[in-house]
Amino acid sequence: MKNLVIIGGGFAGARIAKKLQNKFNVTLTDTKDYFEFTPGILRTLVEPNHLSKILVKHKKYLPNASFIQETIKEITPYHVKFGKNNSIPYDYLVIASGSHYSAPIKQKDIISTIRSKEVREHEKKITNARKITIVGGGLVGLELAAELCTHYPEKKITIVHAGNCLIERNCSKSQKYALRFLKKNGVEILFNEHAKDKKNSKITTKSGRSISSDLTFFCTGIIPNTQEFQDSISTALTHKKYLEVNEFLQLKGHHHIFVAGDVTGIKEEKTAQTAESHADLIIKNILRKESNKSLI
């Protein structure tokens with residue numbers, strides 16, 4: 001069987017590894033030893049015991065694949081390199097290294113026991129806070145605000161958003177529903193306000209407004225996980241360090257390397273559903289390549 005190496009064990013990488021582990025010599029590499037249902041992290045901030053329901057060890061669902069907990073440092077045409085002198089050969093490579101976010105929502109290189117400790121520490125901070133500010137009115141900011149206002153209706157929750165409407169990339173019906181729900185639950189929303197500085201318990205906006213709070217969450221967007229190996233594939237990087245792909249999700253200039261999930265340079269909402277749709281397309285295209293069929 002041919003070698004398939006997958007970088008990243010999130011929604012896309014885990015799905016591809018699970019589906020193809022009996023058709024290829026699959027090696028999954030990840031910086032942590034578990035799959036995390038990241039959208040559920042927001043719930044754990046108010047219900048820490050929920051964490052056990054959203055983590056699963058990679059080895060548990062990959063009985064017929066290899067797993068290596070390492071950070072990939074370099075990608076060559078037929079090898080990925082990690083550590084000092086270690087490398088893995090591949091016939092096909094899938095880069096699904098994902099993205100990271102401000103703590104504690106989505107991070108890299110963190111073992112499950114530390115993840116649990118971190119979540120509980122933030123739950124304590126939330127419990128003790130009277131005023132909580134969320135910077136960013138996208139999907140994550142809204143979901144976090146909804147968890148907080150429904151679990152702690154007595155707390156003052158404020159969203160500071162740079163745009164003039166919430167979740168701009170969603171349909172107007174969703175935007176209106178979210179706005180009604182949050183306002184009904186007492187959440188204050190400040191539109192067209194760019195958070196500039198945070199000093200102690202205050203946020204200053206570009207308009208000069210000062211917002212005080214006991215706890216602040218920054219939900220202003222993801223950062224793609226390409227830093228460690230970006231020099232070896234620099235010709236395929238966008239200016240924001242995403243990876244350029246064609247319509248078949250192949251990495252620019254590489255017919256046997258595919259890219260899935262948050263790390264792609266496709267302008268779309270970066271969600272779990274999107275990552276899984278990428279995974280399904282890549283699975284089909286790898287199998288089609290093996291059968292000498294045209295890609296879809």
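**Close-up views of a predicted model**

**View 1. Strand S9 and the strands that pair with it.** In this predicted model, strand S9 (residues 92–95) directs Tyr-92 and Val-94 one way and Leu-93 and Ile-95 the other way, and all of these residues are buried. In a regular strand, side chains alternate between the two faces of the sheet. Strand S1 (residues 3–7) pairs with S9 in the parallel sense over four bridges, and within this pairing Leu-93 of S9 is the bridge partner of Val-5. S9 also runs parallel to S19, to which three bridges join it, and here the bridge partner of Leu-93 is Ile-257 in S19. Leu-93 thus appears in a bridge with Val-5 as well as in a bridge with Ile-257.

**View 2. Gln-250 in the loop that precedes strand S19.** Gln-250 is placed in the loop between strand S18 (223–224) and strand S19 (257–259). Its relative accessible area is 8%, and because buried means under 20% relative accessible area, Gln-250 is classed as buried. A polar atom of the Gln-250 side chain lies 2.8 Å from the backbone oxygen of His-255, a separation that falls within the 3.5 Å used for a polar contact.

**View 3. The open sheet formed by strands S6, S7 and S8.** Three strands, in the order S6-S7-S8, make up an open sheet with antiparallel pairing. Strand S6 (72–75) and strand S8 (86–89) are at the edges and have a single partner strand each, so one side of each is left without a neighbour in the sheet. From one strand to the next, the twist averages 25 degrees. The antiparallel pairing of S6 with strand S7 (residues 79–82) extends over three bridges, and Phe-82 in S7 is the bridge partner of Ile-72.

**View 4. The second largest pocket and its lining.** The second largest pocket holds about 220 Å³ of space. Its lining consists of Phe-11, Ala-14, Arg-15, Lys-18, Lys-19, Phe-35, Val-56, Tyr-61 and Glu-276. Helix H1 (residues 11–20) supplies the largest share of this lining, with five residues. By residue class, the lining of the second largest pocket divides into five nonpolar and four charged residues, with no polar residues; Lys-18 and Glu-276 are among the residues that line the pocket, and both Lys and Glu count as charged.

Technical notes: Residues are numbered from 1 along each chain as its sequence is written. This is a predicted model: local features need pLDDT of at least 70, side-chain atom pairs count only at pLDDT 80 or more; totals for chains, interfaces and linings use all residues. Side-chain values use heavy atoms; hydrogens and water are left out. Two strands pair if DSSP finds at least two bridges between them. Helices (H or I, at least four residues) and strands (E, at least two) are DSSP runs, numbered from the N terminus. Axes are lines fitted to C-alpha atoms, for helices over the stretch in contact, and angles run from 0 to 180 degrees between N-to-C directions. On a 1 Å grid over the protein atoms alone, a cavity is a set of points where a 1.4 Å probe fits but cannot get out, and a pocket is an open set with protein on both sides within 12 Å along at least five of seven lines; lining residues have an atom within 4 Å of a point. Grid points are joined across faces, edges and corners, and a volume is the space filled by probe spheres set on the points. Buried means under 20% relative accessible area, exposed over 50%, partly exposed in between (1.4 Å probe, protein chains only). A polar contact is a pair of N or O atoms within 3.5 Å; within protein, one must be able to donate a hydrogen and the other to accept it, and residues adjacent in sequence count only if both atoms are side-chain atoms.
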